[in-house]
Each structure stands twice: as structure tokens, then as C-alpha cells.
Amino acid sequence: MGAGNGWYCKSCGVEEYYPVGAGLMSLNVEETRECIARGEFGEIARQLLSKDFPLDVNTVDEHAFYRCPECGKLIGGGVVRFFVGKDDFELMLPVVPEECPACGARFEFVDDRKPVSEREIDAYVAEILESGCPNCGSKDVHQLAIMWD
Ligand SMILES: [Zn+2]
Ligand SMILES: [Zn+2]
């Protein structure tokens, strides 16, 4: 099951939606695994997928959001999770966008490259509902919540 949170503005029509959860996971995406094997995600990740590694490592691509260090907006990116067995081992690799599409800030100097949690997304949406549309300032902002199986 997946769910998402978001908001829309009745005055200017702007809407933003932040989907999270299981509905957006893809197992062992070949394109991702090829990038990892080429070392594009760093040495540790490359070794986990190499033939010399004694265990079968699965990867899961997930959608995630990161907070822009400049404008504070939530920017879409991803994470790749590595796991062996069910819960035996897990490593999370953030896939952060290079720059913020809203303000152009570069993400490369962010030390803490953790995606925002669902709680943080909820808080972010609650703040916009409270303070008004970040685009036009209207208070006619409503929550956009979608669930799917
Ligand atoms: Zn920004
Ligand atoms: Zn607006």
C-alpha cells in the first residue's frame, strides 16, 4: 500500500504532491544495478553487487524527497536500498538531485543526505496549509491526500 500527502491552491492552481511508500518501489532495476556496477554510486555499493561478494544482494529503487538547503522546498529524488535475505542486512544509498529545480541551489554540499521522512512531509504540508500558498500567498490552500493499494 502506498500513500502520499500534498496540497493544492484554489487561487492560483498550483499543487504539489509527495508520494511515499511501498507503491513506488521497484525491485532489482537493471539500469540502477548497471550504474552501481560501473561504480557510479561509490565503491561500497559496487562491491556489494560484484561477483566476488559471497551473498546475493537485492536492490530496491524507491522514490524519496529531499529538502532544498536554500529554499526549503521538497525536491524529488530517490534512494536505493540494498538488502540480503529479509531483514538481515540493509544499506541505503541516497540518490539526490544535482540541483533544486525551484531555486537552482546545488545539492552537492549537503552533508546530511537523508531523504525527508513521512512525518517531515506531513509537517511541511501542515505548514503550507497554515501559512498559505507559497506561490501566491492565498489562504485558499487545501490538503491533497491520496491512497492506493
Ligand atoms: Zn531550492
Ligand atoms: Zn496559490
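**Exercise 1: the first zinc site**

What is the geometry at the site of the zinc ion (ligand 1), judging by the angles among its 4 donor atoms?

*Solution.* A word on ground rules before we start. This is a predicted model, where local features need pLDDT of at least 70 and side-chain atom pairs count only at pLDDT 80 or more, while totals for chains, interfaces and linings use all residues. Residues are numbered from 1 along each chain as its sequence is written, chains are lettered from A and ligands numbered from 1 in the order written, and side-chain values use heavy atoms, with hydrogens and water left out.

Step 1: find the donors, meaning N, O and S atoms within 2.8 Å of the metal (3.2 Å for Na, K and Ca); water is not among the atoms, so sites may look incomplete. Here they are the SG atoms of C68, C71, C100 and C103, at 2.3 to 2.4 Å.

Step 2: check the angles. They run from 107 to 116 degrees, and the site comes out tetrahedral. The rule: four donors are tetrahedral if all angles lie between 85 and 135 degrees; four are square planar and six octahedral if opposite donors are over 155 degrees apart and all others between 65 and 115; anything else is irregular. For reference, the ideal angle for four tetrahedral donors is 109.5 degrees.

Step 3: read the spacing, which is C-x2-C-x28-C-x2-C. C71, in the loop between β4 (58-67) and β5 (74-84), and C100, in the loop between β6 (89-95) and α3 (118-131), are 29 residues apart, so this pair links distant parts of the chain. Helices (H or I, at least four residues) and strands (E, at least two) are DSSP runs, numbered from the N terminus.

Step 4: look at exposure, where buried means under 20% relative accessible area, exposed over 50% and partly exposed in between (1.4 Å probe, protein chains only). C71 is partly exposed at 36%, whereas C100 is buried at 1%.

**Exercise 2: the second zinc site**

Which parts of the chain does the pair C9 and C133 tie together?

*Solution.* Step 1: the donors of the zinc ion (ligand 2) are the SG atoms of C9, C12, C133 and C136, lying 2.2 to 2.3 Å away. Their angles of 107 to 112 degrees make the arrangement tetrahedral.

Step 2: the spacing is C-x2-C-x120-C-x2-C. C9 sits in strand β1 (residues 2-9) and C133 in the loop between α3 and β7 (141-148), so the pair joins parts 124 residues apart in sequence.

Step 3: C9 is buried, with 2% relative accessible area, and C133 is buried with 4%.

**Exercise 3: the faces of α1**

Which residues of α1 are buried, and what do they pack against?

*Solution.* Step 1: the buried ones are T32, C35 and I36.

Step 2: viewed down the axis of α1, they fall within an arc of 100 degrees, so they line one face. The arc is taken over the directions from the helix axis to the C-beta atoms. The helical repeat is 3.6 residues a turn, so residues three or four places apart point the same way.

Step 3: E30 and E31 are exposed on the other side of α1. The buried face packs against α2 (43-49), β4 and β5.

Step 4: zoom in on I36, which has a relative accessible area of 0%. Leaving aside residues up to four places away, I36 touches F41, A45, R46, L49, T59, V80 and F82 (contact means heavy atoms within 4.5 Å).

**Exercise 4: β4 and its partners**

How many bridges join β4 to β5?

*Solution.* Step 1: there are 10, and the two strands run antiparallel; a pairing needs at least two bridges found by DSSP. E62 stands opposite V79 in β5.

Step 2: the two strands form a hairpin with 6 residues between them, and G72 in the turn has a positive phi of about 80 degrees.

Step 3: on to β3 (residues 26-27), which is joined to β4 by 2 bridges, again antiparallel. S26 stands opposite D61 in β4.

Step 4: 7 of the 10 residues of β4 are buried. T59 lies in this strand, and its relative accessible area is 0%. The T59 side chain makes a polar contact of 3.3 Å with the side chain of R33. That term means a pair of N or O atoms within 3.5 Å; within protein, one must be able to donate a hydrogen and the other to accept it, and residues adjacent in sequence count only if both atoms are side-chain atoms.
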